[in-house]
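Me: I would like to go through the terms used for this structure. Please set each value against its definition.

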Amino acid sequence: IEEREWRIGAIIGPSGCGKSTLARHMFGAPAAVHWDHDASIVDSFGSLSIERITAALSSVGFNTIPAWMRPHRTLSNGEAFRCDLARILVDEAPLVWIDEFTSVVDRQVAQIGSHAVAKFVRRSELARRLVVASCHYDIVEWLQPDWTLEPATMTFAWRSVRPRPRLQ
């Protein structure tokens, strides 16, 4: 994967094929987010500006401003996933990888969220990399990763970025 410049990678395959093991071997521990038990979502981003916080939350489809005032523990699984993702995206680590990417959200939210995340990462002024591990192939055309790795078939492929698919 170091043969070319890249920003987004995807390790895709069925459950049990070794995605997480391979990613952990290649990139270390997956991104993890710890939340203050009682702090609101917007107060849990440290010293970031409100503009940066709202851009990150919006980029993952968490646009409900009243929900930003609630603690993380009160969110649904889908909301919590999106907030975790927003926190990961504003982390300044040069490379993060996310295990079980989009597994807890419905497929349309996963697809639209994948597109939004890709835009956020590619537009970031930081030269950072994101790798996702997922059993859901439907996100690939929305995420538009620079490369895909399928451990089940031991297939690696460079990809070119294309326009997002049309919503049905």
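Reply: The questions below take a few residues and one helix pair in turn. This is a predicted model, in which local features need pLDDT of at least 70 and side-chain atom pairs count only at pLDDT 80 or more, while totals for chains, interfaces and linings use all residues. Residues are numbered from 1 along each chain as its sequence is written, and side-chain values use heavy atoms, with hydrogens and water left out.

Me: Why is Gln144 called buried?

Reply: Buried means under 20% relative accessible area, exposed over 50%, and partly exposed in between (1.4 Å probe, protein chains only). Gln144 has 6% relative accessibility, so Gln144 counts as buried. Its place is in the loop between helix H6 (140-143) and strand S4 (147-150). Helices (H or I, at least four residues) and strands (E, at least two) are DSSP runs, numbered from the N terminus.

Me: Why are Glu100 and Asp91 called partly exposed?

Reply: The relative accessible area of Glu100 is 45%, and therefore Glu100 is partly exposed. For Asp91 the value is 37%, so Asp91 is partly exposed. Glu100 sits in the loop between strand S2 (95-98) and helix H5 (107-123), and Asp91 in the loop between H4 and S2.

Me: What is notable about phi of Glu100 and of Gln144?

Reply: Most residues other than glycine have a negative phi. Phi of Glu100 is near 55°, a positive value, and phi of Gln144 is near 50°, also positive.

Me: How do you know that Lys19 has no salt bridge?

Reply: A salt bridge is a side-chain nitrogen of Lys or Arg within 4 Å of a carboxyl oxygen of Asp or Glu. Lys and Arg count as positive and Asp and Glu as negative; His and the chain ends are not counted. The nearest side chain of opposite charge to Lys19 is Glu100, 5.8 Å away. Lys19 is buried, and its place is in helix H1 (residues 19-27).

Me: What makes H2 oblique to H4?

Reply: Helix H2 (residues 50-59) and helix H4 (residues 77-90) pack at an angle of about 130°, with their axes 8 Å apart. Axes are lines fitted to C-alpha atoms, for helices over the stretch in contact, and angles run from 0 to 180 degrees between N-to-C directions. Angles under 35 degrees count as roughly parallel, over 145 as roughly antiparallel, 65 to 115 as roughly perpendicular and the rest as oblique. That angle therefore makes H2 oblique to H4.

Me: Which residues make the contact between H2 and H4?

Reply: Arg52, Ala56, Leu57 and Ser59 of H2 meet Cys83, Ala86, Leu89 and Val90 of H4. Contact means heavy atoms within 4.5 Å.
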